[in-house]
Structures are given as structure tokens and as C-alpha cells.
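I opened this entry to look up two things, the arrangement of the strands and the pockets. The notes below follow that order.

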Amino acid sequence: MSGASTEGIRTVLHPVTDLAAATPVYAALLGTEPQTETPYYTGFEAAGQQIGLVPGGGPQAMTSPVAYWHVADIEAKLAEVTAAGATVHEPVHDVGGRLVATVTDPDGNVLGLLQDR
């Protein structure tokens, strides 16, 4: 292993069918109002975590929550996990000034990688 470190899971995206209905539920759960509200994403920050609601699973067609591991070097970590047996699900791309990618583990679980710029 190359030793490319992670900063832990700090972002979890949840696919929702009705953003307007889900937003107050998560606001009540987290005890805070959303930081970001757009037609394609609602984001909360609570206790150092970023919780996002993505209508219809977004362009990546999420069907279950995806936890994003924050990393210092997304390309190095992507290379490391694919060499270890993961498969690229969604290649590295920019989303709102952050680099993100997803991979699947050997059982098909989707794992997210996120690099702040």
C-alpha cells in the first residue's frame, strides 16, 4: 500500500424521492436548517458531518446512502483502492469545487472518495 491517508467519513449523501418532504425530516433529525438548498441538492452540516439529500439519486443514480471518505490525494487513493480490488464506479470529477469519485468493493458496495480543493 502506498499509504495515501484518509481523513475519515465526513460526507454522506442520501437519495430521496421527494426533496421537499425529506428536508424537514433531516432538519429535525440534525437539529439545524440546511446550509445549501437547490433543486438538485440540499446540504446540512451537523457535528462536523456533511449530510446531503439528492433527489432521485442524482446523475449517479444512487439507490442507497453513499459515505464519502475525505482524502488528501484522490488520484492516489483511487489508484490504491483499485489496485486492491475495487472497481471504478464513477471516475474523478469536479462537483462544486471538490473532486469526487466512487468505487465498488468486491460485493458491489459503493464507496465515495472526496478531495477538498
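In this predicted model, I looked up the sheet first and found it open, with eight strands in the order β2-β3-β4-β1-β5-β8-β7-β6 and mixed pairing. The edges are held by β2 (36–38) and β6 (87–95), each with a single partner strand, so one side of each is left without a neighbour in the sheet. I noted that neighbouring strands are turned by 20° against each other on average, direction ignored.

At the β2 edge, I traced the pairing with β3 (residues 41–46), which is antiparallel and runs over three bridges; within it, Thr-38 has Tyr-41 of β3 as its bridge partner. I then checked what packs on the sheet here: helix α1 (residues 19–30) touches β1 (6–16), β2, β3 and β4 (49–55), and its direction makes about 0° with that of β3.

Next I turned to the pockets. The largest has a volume of about 580 Å³, and of its 23 lining residues, Leu-13, Tyr-41, Val-95, Gly-96 and Val-100 are the closest to its centre. I listed β1, β2, β3, β4, β6 and β7 (98–104) as the elements that give two or more residues to this lining, with β3 giving the most, four residues. By class, I recorded ten nonpolar, ten polar and three charged residues in the lining of the largest pocket.

For the second largest pocket, I noted a volume of about 230 Å³ and a lining of 13 residues, with Val-81, Ala-86, Val-103, Leu-111 and Leu-113 nearest its centre. Here α2 (74–83) and β8 (110–116) are the elements that give two or more residues, and the lining comprises nine nonpolar, two polar and two charged residues.

Definitions and conventions:
Residues numbered from 1 in each chain as written. Predicted model: local features only at pLDDT ≥ 70, side-chain atom pairs only at ≥ 80, totals over all residues. Heavy atoms only, no water. Pairing = 2+ DSSP bridges. Axes fitted to C-alpha atoms, helices over the stretch in contact; angles between N-to-C directions. Contact = heavy atoms within 4.5 Å. 1 Å grid on protein atoms, 1.4 Å probe; cavity = no way out; pocket = protein on both sides within 12 Å on 5 of 7 lines; lining within 4 Å. Points joined across faces, edges and corners; volume = space filled by probe spheres on them. Nonpolar A, V, L, I, M, F, W, Y, C, P; charged D, E, K, R; others polar.
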